[in-house]
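Trainee: I would like to practise reading a protein model. Can we go through one together, question by question?

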Amino acid sequence: MMSFQKSTSLKNHNFLKPKLKNNMLQFLKYVFATIIGLFLFFIVGFLILAGIGAAIGSGDKISLKDNTVLKLDLNRPIVENASDDENPFKSLGGPFADGADNLGMVQLRDGLKRAAADDHIKGIYLQANYPQAGYSTLEEIRNALLEFKKSGKFIYSYGEMFSEKGYYVTSMADKIYLNPSGGMDFNGISAEVSFFKGALDKLDVKPVVFRVGEYKSAVEPFLRENMSDANKVQYVSLLGSLNDHIFGQIAKSRNIQVSDLKKVADELTAYKPQGALYSKLITNVGYYDEFEAEMRKTLKRDADDKIEYVGFSKFMKAKSSIKYNDSDNKIAVIVGEGTIIGAKADKGNIGSDDWVAELKKAREDKKVKAIVLRIDSPGGSALASDVMWREVELTKKVKPVIASMGDYAASGGYYMAMAADTIVAQPTTITGSIGIFAQFFNFENFLKNKLGITTDRVNTNAHSDFPTVTRDMDEFEKAWFQKSIEAGYETFTSKAAKGRKMNIDKLKSLAGGRVWSGLEAKQNGLVDVLGGLEDAVKIAAKKAKLKDGDFKTKFYPQPKGFFQEFFDKKEDEAEAKILQAQFGDLAPYVKQLKTLKSREGVMMLMPEVIDFK
């Protein structure tokens, strides 16, 4: 009995050891979690307090001094509408100081008008070395700067280097300084496509593609190792149109012949500062101190005087010289930026539910007299595109709807626009791509040969598992899907022909998935007017019978605040660093491969991997 009790006691003792250990681990876990929670609480509390402080401070108006120069920095991402929130951590330095710093076109247009009317502002110091935007956006900026120059005030630019896009904006400046050791990328536009067929072959991943349209090349990177002849034809035409227009605008500003510009580009003359000067692309080769000395002369300041600069965001806090418009009439601008991904939007994309809700709200608002759709999209989900098209159809029965197309309005992006009363595009807008495709990936061999994973299935009907990524489609399924895609193409082209009031055969001759420049699209009837957002607003006002000054322009949806942009940016940066650490120089290609899953299904999308340089 004793031995039994002793042995039982020992067993209980041994049993308690892991239990006590687990309890201790749980205790430590809770302690650690509490510490982390407190830490996060203090961080979040600090961010909230800083945000409140920034919000309170942002209401303070600043006073501008006489003889002030507006410093306009375009070397950052340029979006349609940006938050007015300032980064409250800039003065702290460190990792928080480089938070969201997007420049909004809405704010830029307004700011340049205010600067032209403000007597304190004598000119602009333009920084446009590497602007992060498409050519259509840059054209709108350039046009707004040209409008500013009509006030008689100067625009001076200085750069150590200029990209092709940067120089396009800069070329309208009165004075252009290039650092003696710097250079300029001026050699024309190119488009580079990445192809993944070889990688998919090595991974044993088989793409399954259905498409309509000779030029619908969005699927080519997964089927080929180079561009098809048809794809090359459309991009030779597109890039030629873009390049001719850009060179024409530069030639006009610099008083140079287009033929001379083409020679400069072919011979790489402008890569060196002296070559750029000799070719009349710039006005001066000089250092920053020499640039400032030139500006002092213009401002009639002494050599030792400090130039009074004001940054753009700070300038926007100054009292406006333009009279406030208190009209109740509104023209609503509904912004759609990014790839069309379905019902709900995520970072930088368009969700049909969100976009439709904004359009419906504007339609039902009696103060909104007309609507402008501001579209910048390469397309995406066919279903979401059609949902948005339907809402445009309903809306234009109630009030005028004008489409204004930005850098892209291709495929699903054009689908959004084609029901509008009038379509406005810049000469450099990438538009059209009226076509449709479906794309799936068969991972059966990849799973089996690379990972040792096999699958088996039981079906109740012949195609219960259709579609699936773990087997090939049979011939019936392929034929069924191809018919569905062809029916989708007929829907797209017939609705486009109706919206454009064009014969269906003529429309189909312009379709086939082909992309056009805005200039080409205007010539063939896919676009009504060449111009920017402000031109679209004027057309909307005229159709609504509103006079100048008798309406306000309101943008929807509201842009993200600083903190949302900040955390989105940090998340993107963290993902990019992980990819870079894992794959090095191959990181950009891996990122593109990761988008495969999001491209499955029926799509209206132009080749988004095209990189225009």
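**Rings, strands and cavities**

Mentor: Start with one side chain. This is a predicted model. Trp 480 counts as partly exposed, because its relative accessibility is 44%.

Trainee: Which residue forms an aromatic pair with Trp 480?

Mentor: Look at the geometry of the rings. The centres are 5.6 Å apart and the planes stand at 90 degrees. That makes the pair edge-to-face, and the partner of Trp 480 is Phe 466.

Trainee: How many residues apart in sequence are the parts that this pair of Phe 466 and Trp 480 ties together?

Mentor: Place each ring. Phe 466 lies in the loop between α15 (444-451) and α16 (475-500). Trp 480 lies in helix α16, so the pair ties together parts whose separation in sequence is 14 residues.

Trainee: Is Phe 466 buried or partly exposed?

Mentor: Use the cut-off. Buried means under 20% relative accessible area. Phe 466 has 22% relative accessibility, so Phe 466 counts as partly exposed.

Trainee: How many aromatic pairs are found in the whole structure?

Mentor: Phe 466 and Trp 480 form an aromatic pair. A search of the whole structure gives a total of 21.

Trainee: What kind of pair do Tyr 177 and Phe 291 form?

Mentor: A pair of aromatic rings is described by the distance of the centres and the angle of the planes. For Tyr 177 and Phe 291, the centres are 5.5 Å apart. The planes are at 70 degrees, so the pair is edge-to-face.

Trainee: How far apart in sequence are the parts tied together by Tyr 177 and Phe 291?

Mentor: Again, place each ring. Tyr 177 lies in strand β6 (residues 175-184). Phe 291 lies in helix α10 (residues 288-299), so the pair ties together parts with a sequence separation of 114 residues.

Trainee: Are Tyr 177 and Phe 291 buried or exposed?

Mentor: Take the two values in turn. Tyr 177 has 5% relative accessibility, so Tyr 177 counts as buried. Phe 291 has 0% relative accessibility, so Phe 291 also counts as buried.

Trainee: Which residues do ring pairs link into a cluster?

Mentor: Tyr 177 and Phe 291 both belong to it. Tyr 309 is a member too. The full cluster is Tyr 125, Tyr 158, Tyr 177, Tyr 288, Phe 291 and Tyr 309.

Trainee: Which residue has its charged end over the ring of Tyr 309?

Mentor: The charged end lies 4.5 Å from the centre of that ring. It belongs to Lys 71.

Trainee: What is the bridge partner of Lys 71 in β10?

Mentor: Begin with the strands. β1 (residues 68-73) also joins β4 (residues 121-127) through 6 bridges, running parallel. With β10 (residues 308-311), β1 pairs in the parallel sense over 4 bridges. In β10, the partner of Lys 71 is Gly 311.

Trainee: Which residue of β4 is the bridge partner of Val 69?

Mentor: β1 and β4 run parallel. Across their bridges, Val 69 is matched with Gly 123.

Trainee: In which sense do β8 and β19 pair?

Mentor: Take one bridge as an example. Lys 206 has Asn 442 in β19 as its partner. Strand β8 (residues 206-212) and β19 share 7 bridges, and their sense is antiparallel.

Trainee: How many residues of β19 are buried?

Mentor: Check both faces. On one side, Ile 436, Ala 438, Phe 440 and Asn 442 are buried. On the other side, Phe 437, Gln 439 and Phe 441 are buried. The count for β19 is 7 of 7.

Trainee: Which strand gives the largest share of the lining of the second largest cavity?

Mentor: That cavity has a volume of about 30 Å³. Its lining includes Phe 440, Phe 441 and Asn 442. The largest share is 3 residues, and the strand is β19.

Trainee: Which element gives the largest share of the lining of the largest cavity?

Mentor: The largest cavity has a volume of about 40 Å³. Two elements give two or more residues to its lining: α4 (164-170) and α7 (229-254). The largest share is 4 residues, and it comes from α7.

Trainee: How many nonpolar residues line the largest cavity?

Mentor: Residues in the lining include Tyr 135, Phe 186 and Ile 250. By class, there are 1 polar and 1 charged residues. The nonpolar count is 7.

Note on methods. Residues are numbered from 1 along each chain as its sequence is written. This is a predicted model: local features need pLDDT of at least 70, side-chain atom pairs count only at pLDDT 80 or more; totals for chains, interfaces and linings use all residues. Side-chain values use heavy atoms; hydrogens and water are left out. On a 1 Å grid over the protein atoms alone, a cavity is a set of points where a 1.4 Å probe fits but cannot get out, and a pocket is an open set with protein on both sides within 12 Å along at least five of seven lines; lining residues have an atom within 4 Å of a point. Grid points are joined across faces, edges and corners, and a volume is the space filled by probe spheres set on the points. Ala, Val, Leu, Ile, Met, Phe, Trp, Tyr, Cys and Pro count as nonpolar, Asp, Glu, Lys and Arg as charged, and the others, Gly among them, as polar. Buried means under 20% relative accessible area, exposed over 50%, partly exposed in between (1.4 Å probe, protein chains only). Two strands pair if DSSP finds at least two bridges between them. Rings of Phe, Tyr and Trp (its six-membered ring) pair if their centres lie within 6.5 Å; planes under 30 degrees apart count as stacked, over 60 as edge-to-face and the rest as tilted. A charge sits over a ring if NZ of Lys or CZ of Arg is within 6 Å of the ring centre and within 35 degrees of the ring normal.
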